Structure formats: structure tokens, C-alpha cells
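Please look through the sequence and the model shown below before reading on. The report that follows goes from the chains as wholes to single strands, and then to the places where residues meet.

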Amino acid sequence: MRSSSFISLLGLALMLRPCAAAEFKPEATSSSTIPATMNRVYVADPALPHMVDGRVYVLDASDLSLKGMLEAGFAGMMVAAPDKHRVYVATTFYERLTRGKRTDVIQVFDDQTLKVIDEIPILTRRAQALGYRSLFQRSSDGRLLFIQNATPATSVSIVDPDSKRQLEAPAPGCFGIYPALSTPLRFSTLCGDGTVGTYTITANLRSADRKVSGKLFDAGADPLFIHAEHDQDSYIFLSFKGKLLRASLEGERATAIETLDIIPADATGWAPGGYQPFAVDAKAKIAYILMHSDDKDGAHKNPSAEIWSYDIGNKRLLARSPAANLTSLTLSAVDPTVLFAINPVDQKIERLTIDATGKVSRSADIKLGETAALVEAPR
Amino acid sequence: MSDIIIDRLMAAFDRAAELAFRRSAQSIGRRSALSGIGKLLVGGALLPVLPFDRSGQAHAQGASKPDANEASCDYWRYCALDGFLCSCCGGSVSSCPPGAEPSKVTWVGTCHNPVDGKDYLVSYNDCCGKTTCGRCLCNGNVGERPGYRMGVHNDINWCMANTQSMYHCTVSVLVGVADKK
């Protein structure tokens, strides 16, 4: 039918049916919000091809559907505060988008409206780095935020988001922030000489006292990834060659508890890899580790071929599961049988399930983002 | 390999970082402290540069190939380059595209040239002050280490000490021949 004829007929039909207009109810536009009860997955994507436009995607953990996003500026980093219904994003903005005066802030997002409800100016020394979890952290009581700085001289900013009071603690030669699990005014950092620096902060944020551990790792021969996990009372670090280091970061000085080698004799050549290369079920003390074969110098960020499930308590490998192309992995905070992962090769976010034997299998995915690097499922 | 040189660099880097922080703490000012770092690093001829990880579709660097050209991630001197190749963005293997300036500080790699059989120290300078190029993303990590060995770390923006610190792309500049052990 010719379109002009169709329109004429339609007009005629409307004139002949005067009731139709009365029956029609125009739609009203509105803004969506995310239900407080929805379990969330946050995916931080620095959008490397156009870095001023980084973002954090917010997904429904149940089906990986996209529910919204947070603006993350240039090399932004995120940490969620589910207890406060907030998400903090530390980032950089330039006055003329890509040039001009640099401004660094912590954006405070409401985790239901996804709107910025507060903004905290911070030093323009923030490490403009890939968004590793250990570069932007919260204290164990959630009152303080810790931000990694690099100019490239390294330091840590301690920020009270309520009072906006701040303190900068020098940390030369050290990188990564690991808040003590039971002492809110304490955090540690990994240092290039193999020691761990532990900082104890005064309650008024006026100063931080630093104590250095003995040598806990060999940064040359077998470095630790700066991504770390923890069980209920200790931190767990992973080395390039597949050793788990359990360490206590609760005292004034860090101490090693034990070192576990996850690579059995018949699996020579396998090694961990990625940007967020493992996750730990703190209660069951099981580590899930992204592993690749044919390891060599420079392969420590390689995508996975398998996920290994390692029982830390009983010191044994539980299962090896095929899982190709993953570089970041996290465990759901509400369901310890569910993992979420970033597959940068296919540009997908994946949901994986863990069975009773520790075997892991894919259960869902969504095509999303460009260069996602950090995935979190905190609630 | 050049572990001795790298260790020496790392020590110098840490000293520079500590010195800079002390200066900062003494309120001399960050600009002068940074200037000091820049001179030491650039003058020392070696420290590393560049950013982020570029985790995405970047090609992991395997063994370098003798016939790989400068537009390929397999080109030997990109063994620890994590970023967009400036040679794909209007510059060359060692020069920044128009309007972009080399970073004042850099990270270094030690790469094996399969043609002459020598190992070279490579300074990876980010080019700064223009929007991110977005072409020819490579992800080499030979000898790369986490940020506690900052001088050989490549998941950070090495334009960080430039007045205009937007990351554009990365060049690979040969700065020395590595000592054989």
C-alpha cells in the first residue's frame, strides 16, 4: 500500500471512531532505579580506546542483564560500599576533556539511583592505573577510603568521606593497599624489596606510623600479584609461579603464616595469570585460580585455559575445570557457588557455577564493554 | 639478561621516589620534586613509561619474530610494551604523533633482537596530551612486574609526570645494550 494512501485511510478511521482518542493513554517517561534487594555485579571498564570515558557497568547477578552504569572518567577506580548503599569511584577529569587543569575526585554514587550524590576532591597524585582492587580500598569498618598515589613516587591517601579529612602516607617502593581485617586504622602495602609495610593511623588522621616486616617474598624470582584475597583472619597472596602466601596483616608488622604450592608435579608449565587472577571463598577456604599452560616470562597476564579449585585448609587441589580466555575472577559475596569473570578475548562477562566437588562450569554470559579489567560482586 | 642493570635502576628509582617525597613533605613543592625525578630518570637514560593494561583484545607478546614489522605487536622491541603503537597513530616507533609530547618518565624493558642476537634496553615512553589513539593495542609483558617495581611496571599512565597527562600512545626507544650475564 502506498504510504500516502495508508495515512489517508488511517486519518479517516480515526475520524470515524471518535472514541479512540479517549481510549488512548499516552505514556509518561520516568527514570529507573535499581531495587535495593537486587544482587549486583560491577564491571569496571577503563575503555582504553577512549580513556576519558571509563565506566562501571551495573549488572543483575541473577541473569547478567545490564541495569545501568556509573561514569568513571579517566582511569577511574571503584569500590562498593553495600552497607551504605554507595559506590565510590576515584577518578580524574581534565578541564577541556583531554587537556587543561587536572582535577581528581572521589565520586560518591547512590547504588539505586546511580546518581552522584557527593564529590570529594583529592590530591592530583592518584595513580592513573588499571583499576586493580588493591589500588582503591575501604577500611574494615567502612569509615575510611585508601587511595594509591603515584607521581611516580608512591604514597597512599587516607580519606574520610564524611568529614572529607585526608592524610597522605609516603610509601616509597611499595604498591597496593591491603586493609587490616580487624583493625580499621591499619593497612599494609607490598614493597619491591620483598617486605610488607604496615601503617597504623591515628584516629584523628594526623599521622601514620609505618612498620616494616621481614622479607616475605622475592619480587625478582617469584613476584606476588598485587591482587589479593583474604579468608576470615588472614590475607592470601598469589605468586607468578603458583604459590599461595597466607599472611597476617593484623599486627603492627606483617607476618607470614604459610606458603602453599598449588602446582602438582605432573602439571609443570602451568601458572596463574590475569589481572584479578584468583578468588577465595573465605569461609570454605577454597581458592579459585585462573591458570594457563606453557608459562614463560611475560605470561603472567595471559588469559586462562582452566580454573583450578584449591582447598587451602586441606592443602590439596580439588578440581581443574576448562575455562578459556578469562583474566579476572570474583566470587559472589552472597552465593559461594557462583563466580563472575571477565573474558576480554570475546568481550564478555561470564557467570560460572561451582558444584560440590569444586568443579566450575559456565552458566551465563553477556557481551559487554571494551577493555573491562575488574569485576566485583559485593552484595 | 640485564638483571643487574634493572636492579640498579630500581634502586635509583626508589631513591628518587623517596627523595621526592621528602622534598614534598618539606613543602618545597611537588613541581620541583617531580622535576628532580624527571631529570634523574631521563638523565639516567632509562626508566619506563606507560600505562595501563590494555587487557582487552591486545595481543599477548609471544616470541618476537625476525620478520615482524614495526606495526606488528610481534616486533621484537615491543616485548614489554603495553599500549597503542605510536607508529599506528601518526608517529613512528620512536617519535610521538603530531601534538603529543613524550612522557618525562618511562618504564623499561629488556628485549631480544632476533636479527643481531643482542638484548637491548628499551625505554617505553608514553606520548601525552592528546586523546587516546585507540589503534594497534599491544600487550607485551616480558620482565614486567607489579607497581612495587614501578620502573618495570606497565599498567599505569606514564604521562603522570607531564603537565598534560592524557595518554595518547607509546613509543619504544632503544637506550642501551643489556649486559650479558
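What percentage of the contacts in chain B with a separation of 6 or more comes from residues 24 or more positions apart? In this predicted model, residues 24 or more positions apart account for 79% of those contacts in chain B, while in chain A the share of contacts with a separation of 6 or more that comes from residues 24 or more positions apart is 47%. The table sets out the two chains side by side.

| Chain | Residues | Buried share | Helices | Strands |
|---|---|---|---|---|
| Chain A | 379 residues | 49% buried | two helices | 28 strands |
| Chain B | 181 residues | 58% buried | two helices | seven strands |

Along the sequence of chain B, the elements follow the pattern α-α-β-β-β-β-β-β-β. For chain A, the C-alpha trace spans about 90 × 50 × 35 Å along its principal axes.

**Three strands in chain A**

A good place to begin in chain A is strand E2(A), which covers residues 54-60 and is mostly covered, with six of its seven residues buried. Strand E1(A), residues 40-45, runs antiparallel to E2(A), and six bridges join these two strands; within this pairing, Arg40(A) has Asp60(A) in E2(A) as its bridge partner. E2(A) also pairs with strand E3(A), residues 66-81, in the antiparallel sense and over six bridges, and here Val58(A) stands opposite Gly68(A) of E3(A). The hairpin formed by E2(A) and E3(A) has five residues between the strands, and in this hairpin Leu64(A) takes a positive phi near 65°.

**An open sheet in chain A**

Further along chain A there is an open sheet of four strands, in the order E7-E8-E9-E10, whose pairing is antiparallel. Its edge strands are E7(A), residues 136-138, and E10(A), residues 166-170, each of which pairs on one side only. Direction ignored, neighbouring strands of this sheet are turned by 25° against each other on average. Inside the sheet, strand E8(A), residues 145-150, and strand E9(A), residues 154-159, run antiparallel and are joined by six bridges, and the bridge partner of Gln148(A) in E9(A) is Val156(A).

**The nonpolar core**

Which residues have the most contacts inside the largest nonpolar core? This core has 147 residues, and those with the most contacts inside it are Val43(A), Val56(A), Met78(A), Ala287(A), Tyr288(A), Ile289(A) and Leu339(A). The largest share of the core, eight residues, comes from E3(A), the strand that also pairs with E2(A). Taking Ile289(A) as an example, and not counting residues up to four places away in sequence, the residues that Ile289(A) touches are Leu238(A), Ile262(A), Pro272(A), Pro277(A), Phe278(A), Ile307(A), Trp308(A) and Tyr310(A).

**Where the chains meet**

How many residues of chain B are in contact with chain A? There are 45 such residues in chain B, and they are in contact with 45 residues of chain A. On the side of chain B that touches chain A, at least two residues each are supplied by helix H1(B), residues 3-25, helix H2(B), residues 30-43, and strand E6(B), residues 137-139. The largest share of that side, six residues, comes from H1(B). Sorted by class, the side of chain B that touches chain A has 20 nonpolar, 16 polar and nine charged residues.

Definitions and conventions: Residues numbered from 1 in each chain as written. Chains lettered and ligands numbered in written order. Predicted model: local features only at pLDDT ≥ 70, side-chain atom pairs only at ≥ 80, totals over all residues. Buried ≥ 20, exposed ≤ 12 C-beta atoms within 10 Å, placed from the backbone. Pairing = 2+ DSSP bridges. Contact = placed C-beta atoms within 7 Å. Nonpolar A, V, L, I, M, F, W, Y, C, P; charged D, E, K, R; others polar. Axes fitted to C-alpha atoms, helices over the stretch in contact; angles between N-to-C directions. Core = buried A, V, L, I, M, F, W, Y, C linked by C-beta atoms within 7 Å.
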